[in-house]
Amino acid sequence: MTAPWWKDAVIYQIYPRSFMDSNGDGIGDLPGIFARLDYLQWLGVNALWLCPIFTSPNDDNGYDVSDYQGIMAEFGSMEDFDRLLDEVHRRGMRLILDLVLNHTSDEHPWFKASRSSRDDPKRDWYIWRDGRGGPGSSPRLGVNGGPDGGPPNNWESIFKGPAWQYDAATGQYFLHLFSPRQPDLNWENPAVRKAMAATARWWLDKGVDGFRIDAITHLKKTPGLPDAPNPDGLPFAWAYPHHRNVPGVLDFVEELAADAFRDYDAATIGEANGVAADQAEAWVSSQRLSMILQFEHSHLWSSQPHAGLDLPGLRRILGRWQHALHGRGWNALFIENHDLPRVLSRWGDAQHHRRESATALATMYFLMEGTPFIYQGQELGMANTRFDTLDDFVDVYARNRIRRMRDAGQGDDAILRELALTSRDNARTPMPWDAGANAGFSSGTPWLRPNPEYREINVAGERADPASVLNYYRRLIALRAAEPALRHGRYGALLERNPQIYAYTRRQGGSGFLVLCNLSGQPAHYQHRGLRLRHEALAMANREVAPHPPGIACLLAPYEARVYRVDFGAE
């Protein structure tokens with residue numbers, strides 16, 4: 001039986017606004033992506049995932065959709081999209097769109113109708129409630145200009161602040177888990193579910209090859225929308241248990257799959273914050289999604305952003321997901337995306353071991369069982385950018401965070417130090433194509449300042465350097481494509497308590513591979529009596545490896561990675 005195409009694929013994530021500008025307005029666009037398809041084909045990726053390109057007022061860079069069947073004017077036209085889709089397919093690649101299902105823009109016609117009157121047919125397409133004081137509460141004003149009884153509950157928005165916005169025209173609050181300009185759809189309403197399924201089918205009928213589905217675990221809310229626990233008496237409380245992976249959400253996912261996906265050869269990738277490894281099989285069953293993007297390993301960093309890499313914790317988390325889905329589902333493998341700072345600045349060493357740490361981290365995740373994702377610029381070894389003042393941050397989450405930290409009495413210098421490490425703006429700087437003006441991204445002024453490192457870290461320079469991070473990624477992609485054991489072999493962790501080395505095997509039958517990655521800045525001693533290292537069996541390495549006799553041990557230099565072919569049956 002042939003595996004689905006997405007199991008053999010490598011998926012490249014594009015942030016269209018920052019990828020390539022074709023017309024000099026400083027904003028990346030669809031013709032710009034078209035112009036760089038030669039590069040993506042040369043790299044060897046099989047599928048492109050585009051972050052949202054739909055019509056949007058851009059409160060959250062396209063994740064606030066005002067027309068699901070239109071193209072954002074800054075990105076081009078539907079004709080540009082059709083041309084891009086045709087050319088991607090002509091080159092043997094696939095195209096995946098980012099589908100935002102949990103919420104729309106407040107400028108979407110559905111929401112405009114919904115807020116026009118309590119009696120409008122689309123009122124129940126969104127989540128409206130009276131404030132705590134009810135419709136007859138005191139005329140004095142409270143939160144968001146609403147009645148002084150306050151919002152319907154104490155939920156905090158994911159983007160911070162209250163999760164409710166008061167609408168004076170109809171005297172009720174609407175729920176927004178993200179920005180106030182991103183009202184949540186009411187997925188309890190069958191009409192909403194049918195409309196979103198129809199939206200997905202419309203794009204699949206155009207020929208797109210699947211979707212990354214944004215915030216899919218948030219579609220279901222706890223019935224009755226109760227208050228969240230608030231032992232510290234905060235103005236707004238952490239409320240994830242009431243709106244993330246709530247029981248019943250899989251019923252919505254299964255219905256969506258039945259109504260929109262099952263008749264197409266499509267990849268469906270859920271952004272699945274809050275799903276644990278022991279729950280994953282239910283999400284990626286044949287009746288639901290192809291795979292999910294889990295958050296556990298990224299939370300490992302975000303909970304302690306100054307602590308560096310917790311290698312035992314990372315090994316434990318990734319290993320748990322590998323074992324949970326082997327033979328029962330499929331993993332999505334990633335270490336970067338548009339919502340995370342650059343991995344080199346989180347877990348690597350851009351100052352002393354840029355190339356080695358970038359390639360060691362790549363080897364570590366890329367050769368596990370699952371579909372690898374590469375976020376634009378990751379393949380170059382990009383690090384976080386530089387922020388000189390708080391005015392340099394443009395992301396809506398960062399702007400909200402600045403306000404809250406100032407309100408809490410923190411000084412601008414302290415805020416700058418935190419956000420320079422954690423802001424999503426780090427991942428959204430323009431793609432550095434060459435060492436020329438504006439990194440070759442635009443002939444105009446880029447919407448976000450390019451990373452100052454672009455003169456040294458760029459596609460043109462790295463493509464010409466056989467030892468570059470870029471060419472290492474290209475070889476990784478080719479190795480995975482050539483070796484069935486690296487796509488479908490069973491994962492087995494080694495040295496599970498080692499604080500420096502991430503080692504594992506991929507085994508298919510009696511043969512397979514041994515992957516060794518020193519993820520520290522110090523030399524590390526590897527030894528395992530069950531596997532013999534043969535120099536002639538070295539399939540890939542990020543440093544020069546001197547010829548060595550067969551043995552069970554080796555000394556790995558800082559951030560050294562090696563991949564050996566192994567005959568398990570002979571050991």
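This briefing covers one helix, one strand residue and two cysteines. The structure is a predicted model. Helix 7 turns its buried residues to one face, Ala553 sits in strand 19, and a search of the whole structure finds zero disulfides.

**Helix 7**
- Helix 7 spans residues 249–261, and its 13 residues reach 17 Å from the first C-alpha to the last, close to the 18 Å expected at 1.5 Å a residue.
- Its buried residues are Val249, Leu250, Phe252, Val253, Leu256, Ala257, Ala260 and Phe261; seen down the axis of helix 7, these fall within an arc of 150°, so they line one face of the helix.
- The partners against which the buried residues of helix 7 pack are helix 6 (190–206), strand 9 (210–214), strand 10 (267–271) and helix 8 (277–283).

**Ala553 in strand 19**
- Ala553 belongs to strand 19, which covers residues 553–556, and with a relative accessibility of 34% Ala553 counts as partly exposed.
- When neighbours within four places in sequence are left aside, Ala553 is in contact with His525, Tyr526, Gln527 and Leu533.
- Leu531 lies 22 residues from Ala553 along the chain, and the C-alpha atoms of the two are separated by 9.0 Å.

**Cysteines**
- Cys517 counts as buried, at 0% relative accessibility, and the closest cysteine sulfur to its own, in Cys554, is 11 Å away, which is too far for a bond because a disulfide requires sulfur atoms within 2.5 Å.
- Cys554 is likewise in no disulfide, the nearest cysteine sulfur being that of Cys517, and Cys554 is buried, with a relative accessible area of 10%.

Key: Residues numbered from 1 in each chain as written. Predicted model: local features only at pLDDT ≥ 70, side-chain atom pairs only at ≥ 80, totals over all residues. Heavy atoms only, no water. Helix = DSSP H or I, 4+ residues; strand = E, 2+ residues; numbered from the N terminus. Expected span 1.5 Å × (residues − 1). Buried < 20%, exposed > 50% of the residue type's maximum accessible area, 1.4 Å probe, protein only. Arc of directions from axis to C-beta. Contact = heavy atoms within 4.5 Å.
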